[in-house]
Amino acid sequence: MSLQQRLSQHASFFKRGLSPTIVFSNKLIDAYSKHGLLKDARRLFDVMPERNVFSWNAMVCAHVRNGELTEALRLFESSPVKDTVTYNTVIAGCANGDGGLEGLEIFARMHANGTGVDDFTLTSVLNIAAKLCALKCGRQVHGYLLKTANGSADCFSVSSLIDMYSKCGAFEDAIRVFDEAGEQDSVSKNAMVAACCRAGNLKLGLELFWRHREMNDTVSWNTIIAGCVQNGYAEMGLDLFIRMGENGVEKNEHTIASVSSACSSLKHLFHGKEAHAFVLKNGLIKNPFIRSGIVDLYCKCDNLEYAASVYEDEGTENVFATTSMIMGHAGKGNTVEARRLFDQLWEKNSVVWTALFSVYAKVSHFQEVFELFREFINKETGNPDVVILIIVLGACAAQARLDLGKQVHGFITRHGVEIEEKVGSALIDMYAKCGHVQYSEDVFLRISGRDRVTYNAMMSGFAHNGRESMAILLFEEMVGSGVMKPDEITFIALLSACRHAGLVEVGEKYFVSMMDDYGIPPGIDHYSCMVDLLGRANRLERAIKLIEGMPIEADGTIWGTFLNACRMNGNAEMAKEAEEKLLSIESNNGARYVQLANVYAAGGKWIEMGRIRREMRGREVKKAAGCSWVYVGNNASIFISGYVSNSQAEAIHEMLAFLTAEIADWDTNDWTTGRYW
């Protein structure tokens, strides 16, 4: 019977002065809730003179269906009578919402008071266990299933067990459940394929997918395509998408979401346009997730014109699409447009805040990062995402803003943000780059679950703050524990420590160990450290031999490092050998010409220095002006070489002259007297 017919019947009851029966009222409450008329359903429920268990169940179900779990739980507790349906309704609501712990507690009460537990109950509890990663609880439910023989042939119970074990990280148990289930069905097969993809075992997932291929439906194809994309095999995912069409399997929004993601990661604009055409043809563009996926696809393919066209087509607010557009403009360095898009959103979630922070950090607009963080604190009630804190701390490190870095650290402490490995590493790096390595060490020692990233950050901090021996000791502690293996970043920090300390033999030992003991091929940064290490020790011949033996082509960084070594040792002859190679790589980099000129000047080769200067002018190459800044309070005074536009330039130069005179005066005194200590 339709809602209109039930309303007509209800009206006839009133016309005749009769009260509707409980059965009719229960059916009307159910009809109201199914049509989204929750207020009408509740109004009828509240005026019912008598209610039975079906009345309470109908109303509880109405609130669950409408996503009002809190009110559903309140009604559940108020209900004088409860049966299996009552319990199942709220447990399922908890499984689908945010009431996982409440759902488990209600299940425990249900079992304790002897209310009948059925397959639907156990499936819902397994879903809660999967969501909470509560493996122990999941095992208990599995044991109950085996003990009572509930769901022994139920495909949904089997698939829920597979899903639970998979999401709890017990992949072998998921395989065992699947193998012991006996005859396969599409539901349990799809769950097992999803488990394989989740565990990164794509080979087994594909094997299961192609086994009994007649059972493969849209869900099967979507699962394996998504698994390929999520495990880094986007090309294979697109091939499967094509075969899906060849097999006549119907596609849906989940298919397109995976295909859009694959095209985005591969930057396949052509296939992306095909996916967009399918979306338009099948009316899926109104789906906000599909639409944001298409916007993201065009942004990742560097086609902002198409992205903007899709984004602005309907003019509706879509946080996910806006986030993609913001990141798209970030790639172009267009921070003004990114900010405009950000400001037009009425509600901003952590994703869009993080996106704008990332935009400013990407183009090194650190002052904007600081201002945005203040805005976030003033406008948002919740704690910022960890990524935001890391970006802000990175900006503090880049500009040596110790004062602001301490404020951010204080914010983290006051708001109870856990200083885990990522945040801890950012704090260590910030303090080290601000020259306060002792603070870095304090943070390092307070992190209980230190990982490789944390060790790398601390080693780098020691290496760049004159405590090279501590960096080496920390490396030995790291590898000595046998828990963590060093990576390429570890060895960059370690070799940096060796070059700062002038430990040539030690550095060479670690360089060889990196390859022989840990199988890490050296990169440009490792070779650059070694060239600098040998250069500082005036072993330029060995540095050249190392460069010539590199399995990768030397770049401007390598030759620039070698030139610095030539300047330190006044060796203009060997600099001449590197000149041609360096300028062939970076002929338009003015800094390299200045570097070469300085090398020749240090070696007394004034004719060569003049030649380089003339060549620089002839090519019309310019070196970027030197820039520095000083923070006083919250204001930054920026100084650019050759410019005197600063409002306090005269006072600054007077102070500089005073300090210069003081230094000159110090030089004329005998330091051994201790006068200035």
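In this predicted model, helix α18 (residues 288-300) and helix α20 (residues 319-331) have axes that come within 8 Å of each other and cross at roughly 5°. Angles under 35 degrees count as roughly parallel, and so α18 is roughly parallel to α20. From α18, the residues Phe289, Ser292, Val295, Asp296 and Cys299 meet Phe320, Ala321, Ser324, Met325 and Gly328 of α20. By residue type, this contact divides into six nonpolar, three polar and one charged.

A second helix pair has another arrangement. Helix α33 (residues 540-548) packs against helix α34 (residues 556-568) at an angle of about 175°, and their axes are 11 Å apart. Because of that angle, α33 is roughly antiparallel to α34. Here Leu540, Ala543, Ile544 and Ile547 of α33 meet Ile558, Trp559, Phe562, Ala565 and Cys566 of α34, and the residues of this contact comprise nine nonpolar, no polar and no charged.

These pairs belong to a protein chain with 38 helices and two strands. Of the 677 residues of the chain, 44% count as buried, while the accessible surface comes to about 35,200 Å², with 53% of it belonging to carbon and sulfur atoms. Among contacts with a separation of 6 or more, residues 24 or more positions apart account for 58%.

The UniProt record, in an unreviewed entry, lists "repeat: PPR" for residues 21-55, 83-117, 154-188, 217-251, 451-485 and 487-522. Two of these spans are described in the table below.

| Span | Distance between end C-alpha atoms | Helix | Strand |
|---|---|---|---|
| Residues 451-485 | 10 Å | 71% | 0% |
| Residues 487-522 | 11 Å | 75% | 0% |

Two individual residues within helices can be followed through their surroundings. Glutamate 441 is found in helix α27 (residues 437-446), and because its relative accessibility is 14%, it counts as buried. When its neighbours within four places in sequence are left aside, glutamate 441 is in contact with Met458, Phe462, Arg467 and Met470. Histidine 63, in turn, is found in helix α4 (residues 53-65) and is buried, with a relative accessible area of 4%. With neighbours within four places in sequence again left aside, the residues in contact with histidine 63 are Leu38, Arg42, Glu68, Glu71, Ala72 and Leu75. The C-alpha atom of histidine 63 is also separated by 9.7 Å from that of valine 90, and these two residues are 27 residues apart along the chain.

Two loop residues deserve a look for their backbone angles. Most residues other than glycine have a negative phi. Histidine 212, however, has a phi near 50°, which is a positive value in a residue other than glycine. Histidine 212 lies in the loop between α13 (202-210) and α14 (218-230), where it is partly exposed, with a relative accessible area of 38%. Asparagine 538 likewise has a positive phi, of about 60°, although it is not a glycine. The place of asparagine 538 is in the loop between α32 (524-536) and α33, the latter being the helix that packs against α34. At 47% relative accessibility, asparagine 538 counts as partly exposed.

How values were computed
Residues numbered from 1 in each chain as written. Predicted model: local features only at pLDDT ≥ 70, side-chain atom pairs only at ≥ 80, totals over all residues. Heavy atoms only, no water. Helix = DSSP H or I, 4+ residues; strand = E, 2+ residues; numbered from the N terminus. Buried < 20%, exposed > 50% of the residue type's maximum accessible area, 1.4 Å probe, protein only. Contact = heavy atoms within 4.5 Å. Areas by Shrake-Rupley, 256 points an atom, 1.4 Å probe, with all protein chains shown as cover. Axes fitted to C-alpha atoms, helices over the stretch in contact; angles between N-to-C directions. Parallel < 35°, antiparallel > 145°, perpendicular 65-115°, else oblique. Nonpolar A, V, L, I, M, F, W, Y, C, P; charged D, E, K, R; others polar. UniProt positions renumbered as here; feature names shortened; annotations may be inferred.
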